[in-house]
Amino acid sequence: MTTMTATLTSSDFAEAVRQFLFHEAKLQDEHRYDEWETLWAAEDTLYWVPIREDADPMREVSYIYDNRARLSSRVRQLNTGLRHAQAPQSKLRRLISNIEIRDEGGEIAVESNFILIESRRVHMTLWGGRTKHRLVREGDSFRIKAKTVLLVNSEEPIGNLAFLV
Amino acid sequence: MASAAQQHEAIDYRHLVQDGRLHGSLYTSDAIYADEMEKIYHRGWAFVAHDSEIPNPGDFVTRKVGTQSLIALRDKGGECRVFYNRCPHRASALCHTASGNKPRISCPYHGWTFALDGRLIGVPDEEAYPAAFNRADAGLQPVARMDSYGGFLFLNLVPNGISLKDHLGHATDLIDGLLGLSPTGKIRLPAGWMKHKLRSNWKMVVENQVDGYHAHMVHGSLIKANRTFATVRDRKPTSPTRVVDYGKGHTDIDHPSDYRAAGDRLFRWTGGIDPDRLPNYVNAMTEAYGAEDGRRRLIEGPPHSMLFPNLSLAEMNIMVIEPESPSSSVQYTTPVFLDGADELNARTLRRCEGAMGPAGFLIADDAEIGELTQMGVANLEPEWVILSRGMETEEIRENGVRTAGLMDETSQRGFWRHYREVMSA
């Protein structure tokens, strides 16, 4: 683990990572699917929502385990406008906090907590969890190589999760 | 026990469930829901667990059947047992995680301890109990009856009534069809369960599982976005696929006839994997069943069935429906791993995630339609739900099995015919 030093550079870097997470959150909240997809690296990516902490995804089922092709497929399905589970779209707003950033040279490991409010018809649903991003630098921004979302209630029955978490 | 007043106002299921229509209250009434828990889930056979979920001594899973919380476990002798999740002493729930392994079961309240076969083996300060106190009378309470078929454990909470074999009837063919895709004739369910909260009555989930009429509407987004993944079959009314009412509430969408008619290509049911990528599995099937029969199995694929009341053999997934209230349910889904087919199992796991569960490309949309249906049926008018599609063109085979076209509502009527019989008893 590389210790963050309190230089101006590292502070700028950390702020850039935080802004990236906030930008991603906004795209998800606003159902800007194509723009969200462009945040991902072009290949070898993983979007993972496990059913429990420490699950082995090669042996255990996950709620989402999208490689790059399936991620695109997910976005394409949402873009049809015919995905009943998101027609109408949920009204979403999420808070991202407790952000920890570890620069590993090639990749940047980021962990954060989220609280997400979903409003759909008469139902208001509270979602929350811990997100782990693995980012790579691209120009003056980043691309997502991997994103794992561990819901706090992943082991309990959950409602439709057809929006982008 | 029902009071005299309740018996006087017995619900008339023969009126509510008619051959081509259903009364909307069947999906909304608290009284009907309570009656179903008793007559279908407590007095009838229901699926509780698969023995491969508890492979080793001490392995347990907690499950709900009807209104009852149960522990299914494997004891030290290797036998599967199902107990009520309740301490015989002062009633605390004993197991409160979904699964785990314990050498014995201890109550968190006063420390009474039970062997895995249910015997009471430890009581702190036991000498303070009266002389007549007998450990043998205070063991874990097993369910009245448990039986299994193909590793699927079913239970029945009353001691008398039909056997599991009688309950399953022709549905054993469906289970055999799934097991027969393994060169050893065995399946395993080790991958854990997706748990999906549904805002719909459990019977809507049952009906939808064997509904061949909704695919283009409900799954249009997937068919448009990803035809390959949608396992696009001939979904037209002229499809050779039949819906089948096997009797006793067990129903099926017979996709194997579609795959047979589509030619002799293997693995259409997997989304069209090239057999060259599964050489060990193909060879093992040939060795186990011979070239011709092994090939037939790999052409036809798994059943798409709903076994009354709560177990769906959903092609390469097992789906279990747990009623929660008249207007909510939980759907559990896990991929089917075939013994002797590791090459395929890895793909089955990924396909399960793609299609099923709360984020699945298919099932999230089914859940949404279920919710809309529940919202709609809460309206008092029109009183009836129409379920007559294909009623006059059904074929009835010699053994009583009914079939009709893919989009006909014969499968739903088969469920309801049995429901009416059970609920009127």
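Begin where the two chains meet in this predicted model: select chains A and B together, and you will find 33 residues of chain B in contact with 26 residues of chain A. To see which elements of chain B take part, highlight strand E13 (194-198), helix H8 (220-225), strand E19 (328-335), helix H12 (342-355) and helix H13 (363-377), each of which supplies at least two residues of the side that touches chain A. If you then colour that side of chain B by residue class, it divides into 18 nonpolar, 8 polar and 7 charged residues.

Stay with chain B and colour it by its domain assignment, which gives domain 1 as 47-156 and domain 2 as 170-424. The C-alpha centres of these two domains of chain B lie 33 Å apart, and the contact between them takes 9 residues from domain 1 and 12 residues from domain 2. On the side of domain 1 of chain B that touches domain 2 of chain B, the residues are 3 nonpolar, 4 polar and 2 charged.

Next, select residues 145-149 and 152-156 of chain B, which are strands E10 and E11, and follow how they pair in the antiparallel sense over 5 bridges. Within this pair, B:Asp147 stands opposite B:Phe154 of E11(B). The hairpin that E10(B) and E11(B) make has 2 residues between the strands, and here B:Gly150 takes a positive phi near 60°.

Now move to helix H6 of chain B, residues 202-209: is it enclosed or not? Because 8 of the 8 residues of H6(B) are buried, the helix is largely enclosed by the rest of the structure. Among the buried residues to pick out one by one are B:Trp202, B:Met204 and B:Val205, together with B:Lys203 and B:Glu207.

Finally, turn to chain A and display its open sheet, in which 6 strands follow the order E2-E1-E6-E5-E4-E3 with mixed pairing. Strand E2 (62-66) and strand E3 (91-103) of chain A stand at the edges with a single partner strand each, so one side of each is left without a neighbour in the sheet. As you look across the sheet, the twist averages 20° from one strand to the next. At the E3 edge, zoom in on strand E4 (residues 108-120) of chain A, which runs antiparallel to E3(A) and is joined to E3(A) by 11 bridges. One place to stop is A:Leu95, whose bridge partner in E4(A) is A:Ile115.

Technical notes:
Residues are numbered from 1 along each chain as its sequence is written. Chains are lettered from A and ligands numbered from 1 in the order in which they are written. This is a predicted model: local features need pLDDT of at least 70, side-chain atom pairs count only at pLDDT 80 or more; totals for chains, interfaces and linings use all residues. Two strands pair if DSSP finds at least two bridges between them. Helices (H or I, at least four residues) and strands (E, at least two) are DSSP runs, numbered from the N terminus. Axes are lines fitted to C-alpha atoms, for helices over the stretch in contact, and angles run from 0 to 180 degrees between N-to-C directions. Domain bounds come from an automatic or database domain assignment. Two residues are in contact if their C-beta atoms, placed from the backbone, lie within 7 Å. Ala, Val, Leu, Ile, Met, Phe, Trp, Tyr, Cys and Pro count as nonpolar, Asp, Glu, Lys and Arg as charged, and the others, Gly among them, as polar. A residue is buried if 20 or more other C-beta atoms lie within 10 Å of its own, exposed if 12 or fewer, and partly exposed in between; C-beta atoms are placed from the backbone.
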